[in-house]
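Visitor: Hi, could you walk me through this structure? I'm new to this, so plain words please.

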Amino acid sequence: MSAHSPDVDTAVHVGTIDMIAQLRGVDAAGTGLSDRISRQLESAIAVGLLNEGDKLPPENILAEQLGVSSITLRQSLAEMRLKGLVETRRGRGGGSFISGKALTTPEQLLSEFKRRSPEDLRDLGDLAATVAAGVGRRAALRADEQDLRRSRELASRFARASTAEELRRTDSRFHISLGVAAQSRRLTNATIQVHSELAALMWIAGASTASIETAGEEHDAILDAIERRDEEAADRLSAAHFERESEALLDYFLELATTTTPEEA
């Protein structure tokens, strides 16, 4: 980091804010605009678009990029400060920074997982596989060396991740990088949307060495197909990756359903 421009490496890029603006998610009934912005920022942390130490743009600029008033944005940032997700520093070089603290506890994630239905999980898995197949096919056509280098680095970070939260963030960031490599704004946005919902579910059953290795090998196989410009293989391998993960999630859901008492549900 330069001594004369301390924020260069940590400032969030305008392209990242554009991606965050697409994270609409499913709005809960009765929630306001500031709650929606808070959820967008929390989802951006969950999928690795925002990371610990990242500096958010000045409030007036961030509000404009997210399409809300400065007052609404301040309400959202105040809520996130209360949750420990954002820290505001005063003075030269100050501003609002991502704190990087965990969004929800494993118990909260499991409770939310149990409230879903098999049909909902299957539907989400189908969507993830369909979007990923399109991304893989077009990335094989359009990815350049820089795209591949970035995705390889993210695949490597995933393989080195040691906690469920790190796995969720690096896994999502890897697949979003493939969306960028496909050079399609709509496909990238669709990938972000899928992972903003999927991230909370991934690795909820625990992260075994075997499951991490399997996912890592599938990431590498997808990248190899993209690199050799094999559209058919990139499409097929990307879809198969999410179909397998979707089946594993569904199996775990059904296993929980047979072992959970009515009081625990």
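Guide: Sure. One term to begin with: helices and strands here are DSSP runs, numbered from the N terminus. With that, W203 can be placed in the loop between α9 and α10 (209-227). Keep in mind that this is a predicted model.

Visitor: What's phi doing at W203?

Guide: Phi of W203 is near 65°, which is a positive value in a residue other than glycine.

Visitor: And is W203 buried or exposed?

Guide: W203 counts as buried, because its relative accessibility is 10% and the cut-off for buried is under 20%.

Visitor: What about R229, where does that one sit?

Guide: R229 is in the loop between α10 and α11. R229 isn't a glycine, and its phi is positive, about 60°. With a relative accessible area of 40%, R229 is partly exposed.

Visitor: Okay, let's zoom out. How many helices and strands are there in the protein chain?

Guide: The protein chain has 11 helices and two strands. Starting at the N terminus, the order is α-α-α-α-β-β-α-α-α-α-α-α-α.

Visitor: How much of the protein chain counts as buried?

Guide: 45% of its 265 residues. Here's another number for the whole chain: take the contacts between residues at least 6 apart in sequence, and 73% of those join residues at least 24 apart.

Visitor: Let's pick a helix. Which residues of α3 are buried?

Guide: Helix α3 covers residues 59-66, and its buried residues are L62, A63 and L66. They span an arc of only 100° around the axis, so they sit on the same side of α3.

Visitor: Why would residues with those spacings point the same way?

Guide: An α-helix has 3.6 residues a turn, so residues three or four places apart point the same way.

Visitor: What covers the buried residues of α3?

Guide: The cover includes α1 (14-21), α2 (33-46) and α4 (70-82). Right after α3 comes G67, with a positive phi near 75°.

Visitor: You mentioned α1. Which of its residues are buried?

Guide: In α1 the buried ones are T16, I17, M19, I20 and A21. Their cover includes α2, α3, α8 and α9 (185-198).

Visitor: New topic: how do α7 and α8 cross?

Guide: Helix α7 (residues 145-160) and helix α8 (residues 164-181) have axes that come within 9 Å and cross at roughly 165°. The two are therefore roughly antiparallel to each other. Their crossing is left-handed.

Visitor: Which residues make that contact?

Guide: Among them are D147, L154 and F158 of α7, and L167, F174 and A181 of α8. The residues of this contact divide into eight nonpolar, three polar and five charged.

Visitor: D147 caught my eye. Is it buried or exposed?

Guide: D147, which belongs to helix α7, is buried, with a relative accessible area of 6%. Leaving aside residues up to four places away in sequence, D147 touches R142, A181 and Q183.

Visitor: Last one: at what angle do α5 and α11 cross?

Guide: The axes of helix α5 (residues 106-114) and helix α11 (residues 231-259) cross at roughly 90° and come within 11 Å. That makes α5 roughly perpendicular to α11. L110, F113 and K114 of α5 make the contact with L249, Y252, F253 and L256 of α11.

Visitor: How do the residues of that contact divide?

Guide: For α5 with α11, it's six nonpolar, no polar and one charged.

Definitions and conventions
Residues are numbered from 1 along each chain as its sequence is written. This is a predicted model: local features need pLDDT of at least 70, side-chain atom pairs count only at pLDDT 80 or more; totals for chains, interfaces and linings use all residues. Side-chain values use heavy atoms; hydrogens and water are left out. Buried means under 20% relative accessible area, exposed over 50%, partly exposed in between (1.4 Å probe, protein chains only). Helices (H or I, at least four residues) and strands (E, at least two) are DSSP runs, numbered from the N terminus. The arc is that of the directions from the helix axis to the C-beta atoms. Contact means heavy atoms within 4.5 Å. Axes are lines fitted to C-alpha atoms, for helices over the stretch in contact, and angles run from 0 to 180 degrees between N-to-C directions. Angles under 35 degrees count as roughly parallel, over 145 as roughly antiparallel, 65 to 115 as roughly perpendicular and the rest as oblique. Ala, Val, Leu, Ile, Met, Phe, Trp, Tyr, Cys and Pro count as nonpolar, Asp, Glu, Lys and Arg as charged, and the others, Gly among them, as polar. A crossing is left-handed if the near helix is turned anticlockwise from the far one by less than a right angle, and right-handed if clockwise.
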